[in-house]
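Me: I would like to learn how to read a structure. Could you take me through one, feature by feature?

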Amino acid sequence: MSLQEETLNFDPDALAKKYALERDKRVRADGNDQYQEVVGEFAYFVEDPYISEALKRDSMDDEVEVVIIGGGFGGMLAAARLREVGIDDFRIIEKGGDFGGTWYWNRYPGASCDIESYVYFPLLEKTGFVPKQKYTNAPETLEYCHKIAETFSLYDQALFQTEVTSTDWDEALGRWIVSTNRQDSIKARFVVHSNGPLNRPKLPAIKGISQFKGHTFHTSRWDYAYTGGDAHGDLTKLADKRVAIIGTGATAVQCVPHLGAAAKALYVFQRTPSSIDVRNNQPTDPDWMATQAPGWQEKRRLNFESLMTGIPVKEDLVSDGWTEAFRLLFGSLRSKAPSKARLALWAAQGLLSKALYQKGMKQYLTDRASEYMDLSKAMEIADFKKMEKVRARADAMVEDPATAESLKPYYRQFCKRPCFHDEYLPTFNRPNVTLVDTDGRGLDQITERGIVFDGTEYEVDCIIFATGFEVGTDYARRAGYQITGRDGVSISEKWSTGLSTFHGMHSRGFPNAFFFGPAQSAFTATYTYSLDENSQHLAHILGVAQEKGYTRIEASAAAEAAWVKTIIEKARLTADFQAQCTPGYYNNEGHVNVNPQNNTYGGGPIEFFALMKQWRKKGNLAGLEVA
Ligand code: NDP
């Protein structure tokens with residue numbers, strides 16, 4: 001049946017209008033400035049509640065070949081891949097008390113990863129680890145981080161509970177001087193900045209936020225001493241507490257069921273509802289894992305990420321809510337003639353020549369002439385269908401019709417991180433749980449006693465901020481330290497009018513510094529995939545440098561300018577979609593393309609990885625000036 005003939009049980013025009021209305025309600029002139037930085041009187045929001053004992057050690061004056069900043073997956077992968085090319089003289093500096101990065105900090109009850117663990121956990125074939133379930137949880141992920149650190153003997157080379165305060169390039173020495181809050185001074189020839197894209201918690205800059213006299217914390221620093229329980233839940237100390245949680249993003253969706261089960265009263269303050277699809281977690285079949293052929297993980301993550309980008313694959317190996325959504329968008333798996341959407345996408349990604357594109361298009365139009373529809377319209381209809389299902393799920397699972405209506409997201413599914421959960425929606429059937437829907441406006445005020453919205457003061461004992469992390473702010477502010485390069489120019493100065501890098505990893509004026517994106521490089525749903533690709537790229541460059549005796553590597557002005565141009569041009573591919581989205585960190589809080597170079601690579605991750613692979617294959621470090 002053609003799309004024109006298909007009877008839709010919704011009115012696409014009415015839905016499009018509703019989406020636009022909901023977006024317009026939420027776009028704010030202040031964009032990222034609506035948030036409060038966690039400094040000064042708010043600095044306690046980023047203190048580490050997970051260390052049992054504060055580390056005591058003397059400051060050190062040291063020299064190594066490579067300093068890696070960040071002990072999350074990115075830093076660990078960098079170290080593991082460096083070891084593979086015979087570079088062992090490195091130090092990893094990490095502000096937390098152990099490895100884990102995001103997973104060290106985000107231990108809130110219910111924390112788990114919604115990307116399949118067989119894809120998400122990097123290096124599974126090297127560590128031999130078997131995740132217990134298709135979708136892992138935070139404790140197991142942290143355990144896996146320890147496993148990687150042990151497998152690659154990283155502990156002896158790590159400095160924990162240590163925050164980098166600055167990195168300064170010393171031209172005469174040809175070294176970076178890395179300074180820390182423990183008065184360390186470490187000289188390094190190369191520095192890898194893997195400080196995490198979502199590492200700095202943010203708070204809403206709401207009137208009265210510092211007035212509240214009760215207890216308060218951010219989800220990424222969960223206070224189990226106050227709530228009781230652990231990452232699996234059982235928050236027994238909340239039995240006599242009235243709790244408010246602000247935010248309903250991917251984090252809140254996972255912890256709200258545990259709060260609802262434990263608190264005397266729970267108020268969930270919502271500005272924009274998340275899209276909540278089916279989770280359907282399953283235990284791992286160890287026999288299945290054991291019988292996978294060597295190279296299976298690379299094949300699986302490539303398959304997953306290809307599907308997520310609309311690239312043709314013969315089968316869907318992961319087969320879950322993510323891939324189903326993308327299959328719906330890009331057409332069913334390899335039909336007789338590729339769908340028009342796919343053809344256009346491959347052409348846009350440079351995967352098809354113009355001639356092949358035209359040939360494929362002709363074939364497609366002949367085969368499916370009756371189905372002809374404007375590409376973006378077809379994708380919009382597929383999205384509407386998917387979101388209608390998501391909205392129907394709210395009606396089916398939430399008893400009170402008004403609450404169910406408030407929990408329905410009215411935007412395209414990938415405007416925000418889609419969520420997958422089977423207990424979140426039913427939590428609103430509990431008598432102790434109240435959804436306070438602010439209809440896109442956000443809270444009005446915080447007082448000594450609680451939260452005010454629409455003239456009602458909700459008195460609570462505790463406010464939990466599930467308000468996410470800084471994304472669009474200054475790089476050094478998010479990293480927590482300044483990077484001062486050649487001629488005393490800081491990275492904040494260099495990037496003040498927009499990002500400028502070569503492949504997202506190098507920036508001219510900052511020799512021997514390596515940035516682990518995602519800006520100007522790949523953005524993947526499986527973030528560890530991108531980090532692993534970064535790490536292999538880094539290891540290649542430093543491997544070549546070691547072999548050829550290069551001690552200094554810097555992007556050439558021409559190569560960097562060309563890359564920035566590419567990023568700007570490719571950003572146009574996603575700009576229209578982003579502009580129609582409800583605000584969030586995916587679209588710079590609704591201020592799309594204010595700086596088009598501040599984007600990830602618009603051609604998608606698979607194309608980006610292929611480009612990097614081609615570049616590495618040449619082996620000549622083209623675009624980098626070496627000495
Ligand atoms: P988000 O930025 O996604 O969500 C923040 C929430 O706070 C939003 O609901 C936002 O509303 C709300 N908010 C902000 N300001 C106000 C205000 N003034 N009044 C009321 N509400 C407000 O942060 P999360 O921590 O939820 O998630 C961050 C990212 O972490 C995810 O996108 C995902 O990438 C990752 N993550 C991944 C998981 C996984 O399974 N792999 C699980 C958890 C997180 P609004 O939407 O209107 O801006």
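Reply: We go through the ligand, the cysteines, a helix and a few single residues, keeping in mind that this is a predicted model.

Me: Start with the ligand. Which residues come nearest to the ligand?

Reply: A residue joins the shell around a ligand if one of its heavy atoms lies within 4 Å of the ligand. Here there are 26 residues around the ligand, and Asp-114, Thr-251, Thr-272, Lys-416 and Tyr-585 come nearest.

Me: How do those residues divide into nonpolar, polar and charged?

Reply: The shell holds 12 nonpolar, 10 polar and 4 charged residues.

Me: Which helix gives the most residues to the shell?

Reply: That is helix 8, residues 250-262, with 3 residues. As for domains, domain 1 (72-163 + 192-200 + 471-626) and domain 2 (202-274 + 416-465) each supply at least three residues of the shell.

Me: Which polar atoms of the protein lie by an oxygen atom of the ligand?

Reply: To find such pairs, look for N or O atoms within 3.5 Å of each other. In the side chain of Thr-251, an N or O atom is 2.6 Å from an oxygen atom of the ligand. Tyr-585 also has a polar side-chain atom 2.6 Å from a ligand oxygen. With Thr-248 the atom belongs to the backbone, and the distance to a ligand oxygen is 3.0 Å.

Me: How much of the ligand does the protein bury?

Reply: The ligand taken alone exposes 920 Å², and the protein buries 89% of that.

Me: Now the cysteines. How many disulfides does the structure hold?

Reply: The test is a distance: two cysteine sulfur atoms within 2.5 Å count as a disulfide. The structure holds 1 disulfide. Its partners are Cys-415 and Cys-581, with sulfur atoms 2.0 Å apart.

Me: Is that disulfide left-handed or right-handed?

Reply: The sign of the torsion about the S-S bond decides. For Cys-415 and Cys-581 the torsion is about -75°, so the disulfide is left-handed.

Me: Where in the chain do the two cysteines sit?

Reply: Cys-415 is in the loop between helix 15 (401-406) and strand 13 (419-420). Cys-581 is in the loop between helix 19 (557-579) and helix 20 (605-618). The pair links distant parts of the chain, 166 residues apart.

Me: Are Cys-415 and Cys-581 buried or exposed?

Reply: A residue counts as buried when its relative accessible area is under 20%. Both Cys-415 and Cys-581 are buried.

Me: What about Cys-113, and why is Cys-462 too far from another cysteine for a bond?

Reply: Cys-113 is in no disulfide, and the nearest cysteine sulfur, in Cys-145, is 11 Å away. Cys-113 is buried at 4% relative accessible area. For Cys-462, the closest cysteine sulfur belongs to Cys-255 and is 11 Å away, so the two are too far apart for a bond. Cys-462 is buried as well, with a relative accessible area of 1%.

Me: How many residues of helix 11 are buried?

Reply: Begin with the geometry of a helix. An α-helix has 3.6 residues a turn, so residues three or four places apart point the same way. Helix 11, residues 321-330, is mostly covered, with 7 of its 10 residues buried. Among them are Trp-322, Phe-326 and Phe-330.

Me: What happens at the start of helix 11?

Reply: There a side-chain oxygen of Asp-320 comes within 3.1 Å of the backbone nitrogen of Trp-322.

Me: Which contacts do the side chains of Ser-507 and Glu-607 make?

Reply: Ser-507, in the loop between helix 17 (491-494) and strand 20 (513-515), has a side chain that reaches the backbone oxygen of Ser-500 at 2.7 Å. Its relative accessibility is 1%, so Ser-507 counts as buried. Glu-607 lies in helix 20 and shares a polar contact of 2.5 Å with Tyr-601, side chain to side chain. Glu-607 is buried too, at 9% relative accessibility.

Me: Last, the backbone. What is the phi of Asn-512 and of Glu-589?

Reply: Asn-512 has a positive phi of about 60° although it is not a glycine. Asn-512 sits in the loop between helix 17 and strand 20 and is buried at 1%. Glu-589, also not a glycine, has a positive phi of about 55°. Glu-589 lies in the loop between helix 19 and helix 20, and its relative accessible area of 5% makes it buried.

Conventions:
Residues are numbered from 1 along each chain as its sequence is written. This is a predicted model: local features need pLDDT of at least 70, side-chain atom pairs count only at pLDDT 80 or more; totals for chains, interfaces and linings use all residues. Side-chain values use heavy atoms; hydrogens and water are left out. A polar contact is a pair of N or O atoms within 3.5 Å; within protein, one must be able to donate a hydrogen and the other to accept it, and residues adjacent in sequence count only if both atoms are side-chain atoms. Accessible areas come from the Shrake-Rupley method with a 1.4 Å probe; for residues, only the protein chains shown count as cover. Helices (H or I, at least four residues) and strands (E, at least two) are DSSP runs, numbered from the N terminus. Ala, Val, Leu, Ile, Met, Phe, Trp, Tyr, Cys and Pro count as nonpolar, Asp, Glu, Lys and Arg as charged, and the others, Gly among them, as polar. Domain bounds come from an automatic or database domain assignment. Buried means under 20% relative accessible area, exposed over 50%, partly exposed in between (1.4 Å probe, protein chains only).
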